[in-house]
Structures are given as structure tokens and as C-alpha cells.
Amino acid sequence: MTTTLPINILAFIFGACIGSFLNVCIYRIPAALSIVHPGSSCPRCKTPIPFYDNIPIVSYLLLMGKCRSCKTPIAVRYPLVELLGGLLAMTCAISFGPSLHGAVAFVFTATLVVVTFIDIDHRIIPDAISLPGIPIFFLAAFAVPTVTWQASAIGIAAGGGSLFTVAWVYQTITGREGMGGGDIKLLAMIGAMIGWKGILFTLFAASAIGTLAGVLAMIQSGKGMRLAIPFGPFLSSGAILYLFLGDAIISWYLNMLA
């Protein structure tokens, strides 16, 4: 589906603004803080951030990456998450148009962005995100033309059940926990949105991306197999890849085999 340039620009601006809110969620949810109150402030000097210093991406550039009050450097992650939010919103608009489908897809990808960075920072996937996400995205299946509610229900069972089985087998054989319950609930949430076919693609893509990234990380860190790598970011990456390019990639792969 194609959209006009003004719609794509508006989608990017909207997504970047949501990206600013995603930064709040990434920081506050693991700390069990309210994501609504109080307003944003500098983590060091606690000075409230005025609206003109909180314009996505632009304020970071104008302030040259520093707090206006205490000149403490602002992590580059903040504008990058805002940029990512803008790009995801624009991609949803291009892929699904200015529609309910596009809105649901953006909420889904934005949720996965929050999950990814929290898992990177804290090695957890909060139940406060994944558990409500399962029924929310199951209900969204009634509004998404590409997934039936039956496929969504099977996706929930296949997503949660597949990783639960893998975790149980691994723990039974080794006596160690190899996969946290957060990954299991995350994949169930993903299955609710993209169905059982998407789960198969997500697991394959996450394993491939995770293996490559894991090998590079182990080489760089020098810790070898002792290095613990969160799996949530790879599951999220695989799900987003399926959402936008899954059908094209599957068709390419099947044609290559033919």
C-alpha cells in the first residue's frame, strides 16, 4: 500500500513523539515508577525538562546532547529511540496505510521496542507489558485483516508452548534455567498479533540473528559460552521483520528451493 509524502512525514513526526514516551517507559517500568507523573526531568540535577527542550530529536541536536541546566551528557539512546519510533510509524503507514491495521501494527512494534531495551538493560521482560499484551493483541486480531482470531489463538499457544517446552527440556537435561519465563510470555504476545505462521518465522529469524550476534558478542567479550545474552531483542526483531517483510521473505525462500 502506498501513501502520500505528507502522510508519511506526519506519521514520522507522530512516531518520534511516541518514541519520546517510549524512553519514559523504558526507564520507569523496570523501576516500578509511574509513566505519567511526574514529568520528565534530568536524571542528575532533577531539573524539570521544559517542552521546548523535549522536542524529539531536534532538542537533542540543539542542546548538543547535554542538559541545559547542569550540562550532563544525555545518552544518545534517547534520540535513537525517538528516531526508531518515527521510522516504525512511517513504515506502518507505508505498509498498511492510515488505517486501524496500521495503528495496531505501530502499537505492536512500539511495545516491542520497549521490551527490547528493558531486556538489554535489566535482563527482564516485565509482566506488566507481556501479560496485558496477550489479550490486547488477540482482540486486535479481529481488526487486522491478515490474521484471523483462530490463527491468533493458535499463535498464543504455539508461542508460549514452544518456548516453555524448550525451557523445560533444557532445565531437565542440564539442571539450569536456560530461558526465562519472560521470553515465553513475550512470544505468546507476539503470537497473538501475528499468528502461528508468524511464530515459526519469528523463531527461525530470532535464532539466526541471535546466533550471529551471540558469536560476535562472545568473541568481543572473551567470555565464550559463559556470556549471557537476552533473547527478547531477537524475538522482537524477528516479529517486526515478519510483520513488514515476512511474506516477501517466505516467497523468496520457497522460490529459491523450487
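This is a friendly conversation about how terms apply to a predicted model.

User: What should I keep in mind about the model and its numbering?
Analyst: The model is predicted, so local features need pLDDT of at least 70, side-chain atom pairs count only at pLDDT 80 or more, and totals for chains, interfaces and linings use all residues. Residues are numbered from 1 along each chain as its sequence is written, and side-chain values use heavy atoms, leaving out hydrogens and water.

User: How many helices and strands are there in the protein, and what makes a run count as one of them?
Analyst: There are 8 helices and 0 strands. Elements are DSSP runs, numbered from the N terminus: a helix is H or I with at least four residues, a strand is E with at least two. From the N terminus on, the order reads α-α-α-α-α-α-α-α.

User: How do you know what radius of gyration a compact globule with 258 residues would have?
Analyst: The rule is 2.2 Å times the number of residues to the power 0.38, and the radius is taken over C-alpha atoms. For 258 residues that gives a value near 18 Å, and the protein has 19 Å, so the two agree. Along the principal axes, the C-alpha atoms fill a box of roughly 55 × 50 × 35 Å.

User: Which share of the contacts joins residues 24 or more positions apart?
Analyst: Among contacts with a separation of 6 or more, that share is 70%. A contact here means heavy atoms within 4.5 Å.

User: Why is F108 called buried or exposed?
Analyst: Buried means under 20% relative accessible area, exposed over 50%, and partly exposed in between (1.4 Å probe, protein chains only). F108 has 0%, so F108 is buried. F137, at 4%, is buried too. Across the protein, 40% of the 258 residues count as buried.

User: What makes F108 and F137 an edge-to-face pair?
Analyst: Rings of Phe, Tyr and Trp (its six-membered ring) pair if their centres lie within 6.5 Å; planes under 30 degrees apart count as stacked, over 60 as edge-to-face and the rest as tilted. The centres of F108 and F137 are 5.3 Å apart and their planes stand at 80 degrees, so the pair is edge-to-face. F108 sits in helix α4 (residues 100–122) and F137 in helix α5 (residues 127–140), so the pair ties together parts that are 29 residues apart in sequence.

User: How many aromatic pairs does a search of the whole structure find?
Analyst: The search finds 7 aromatic pairs. One of them is F51 with Y52, edge-to-face at 5.4 Å centre to centre and 80 degrees between the planes. F51 is exposed, with a relative accessible area of 69%, whereas Y52 is partly exposed at 45%.

User: Why is T211 called exposed and A31 partly exposed?
Analyst: T211 has 52% relative accessibility, so T211 counts as exposed. A31 has 44%, so A31 counts as partly exposed. T211 is in helix α7 (residues 181–221), while A31 is in the loop between α1 (5–28) and α2 (58–62).

User: What makes the backbone notable at H37 and P38, and at I57 and M64?
Analyst: Most residues other than glycine have a negative phi, and most peptide bonds are trans. H37 and P38 are joined by a cis peptide bond, with omega about 0 degrees. I57, which is not a glycine, has a positive phi of about 65 degrees. Both P38 and I57 belong to the loop between α1 and α2. M64 has a positive phi near 55 degrees and lies in the loop between α2 and α3 (77–96).
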